Amino acid sequence: MDNRLPPQFPVVTRSNLSLSRISAIAESIWKETLNLVFPPRCLGCGKVDTVICTGCLNILTHTRPPNSVQPLPPLNAITSTAVHKGVIREAVQALKYDHTRLIAVPLGNRLTEQVRAKGWQFDTIIPVPLHTHRLKERGYNQSELLAAIVADETMIPMVTVAVERTRLTRSQVGLSATERRRNLVDAFIAHPDLVTGRSILLIDDVYTTGATLGACAQALFDAGALSVYGLTVTAAQN
Ligand SMILES: [Zn+2]
């Protein structure tokens, strides 16, 4: 009698179970080895064995935000928690490029404090989306990690699927303000069923010329949003 399982059933045998266990062990040994050869360094001062030391975390937490709220049409207003320099700049870069995801927590707390201080009224939190290709490359959207902290603290829902990036745009780094705006024309689309009549807090990591926030907000207004406020961790000094 043929008692083999039909091919559509995934067969978990003792040998491939132990294989996955071996690869998990190998991975942790590899990580330990990497830590020995390249120990983590404080993103602010370079001190060995920590991603951020107590002193730098203290600066990160207690740097006072600038008081400014700027107009940035079509957004109702925009504010940032700090100028893009020093430890906070390093933290934003580490979150974006070095996979230091935990740093999203103190940065997200800064965003929450800032938005509370402004007293803005909003009912939906939306992180600026990444294109799916870039999301696959990085494995996460740094703005979504930040927005999730704000959503948790304020108990206001975060909606991540309300806006999509429809085009894979080239990096904005090194482009002029006009080039940045041109680069982002029609780069976003918002879903009316998720944003019509909503007051939105749009969250991103860095504000440089406002081209990204502006293009994203335009898509939200086109889809029927009532108001859109922009909040970023840092703002470049222009
Ligand atoms: Zn440090």
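**Exercises: odd backbones and an open sheet**

D49 is exposed, with a relative accessible area of 59%. Keep in mind that this is a predicted model.

**Exercise 1.** Work out where D49 lies and what its phi is.

*Solution.* Start with the place: D49 belongs to the loop between helix 1 (14–37) and helix 2 (54–62). Next, look at the backbone: phi is positive, about 80°, although D49 is not a glycine. Now the background: most residues other than glycine have a negative phi. Last, the surroundings: exposed means over 50%, and D49 has 59%.

**Exercise 2.** Find out whether H99 is buried, partly exposed or exposed, and where it sits.

*Solution.* First, H99 is in the loop between helix 3 (86–97) and helix 4 (104–118). Then check phi: it's positive for H99 too, about 60°, and H99 isn't a glycine. Finally, its relative accessibility is 44%, so H99 counts as partly exposed.

**Exercise 3.** Say which kind of peptide bond joins P73 and P74.

*Solution.* Omega is about 5° here, and the bond is cis. Most peptide bonds are trans. P74 itself sits in the loop between strand 1 (70–72) and strand 2 (75–83).

**Exercise 4.** Put the strands of the sheet in order and name the edges.

*Solution.* The order is 1-2-7-6-3, giving an open sheet of five strands with mixed pairing. At the edges are strand 1 and strand 3 (124–127), each pairing on one side only. On average, neighbouring strands are turned by 30° against each other, direction ignored. Strand 1 pairs with strand 2 in the antiparallel sense, over two bridges, and L72 stands opposite L75 in strand 2.

Definitions and conventions: Residues numbered from 1 in each chain as written. Predicted model: local features only at pLDDT ≥ 70, side-chain atom pairs only at ≥ 80, totals over all residues. Heavy atoms only, no water. Helix = DSSP H or I, 4+ residues; strand = E, 2+ residues; numbered from the N terminus. Buried < 20%, exposed > 50% of the residue type's maximum accessible area, 1.4 Å probe, protein only. Pairing = 2+ DSSP bridges. Axes fitted to C-alpha atoms, helices over the stretch in contact; angles between N-to-C directions.
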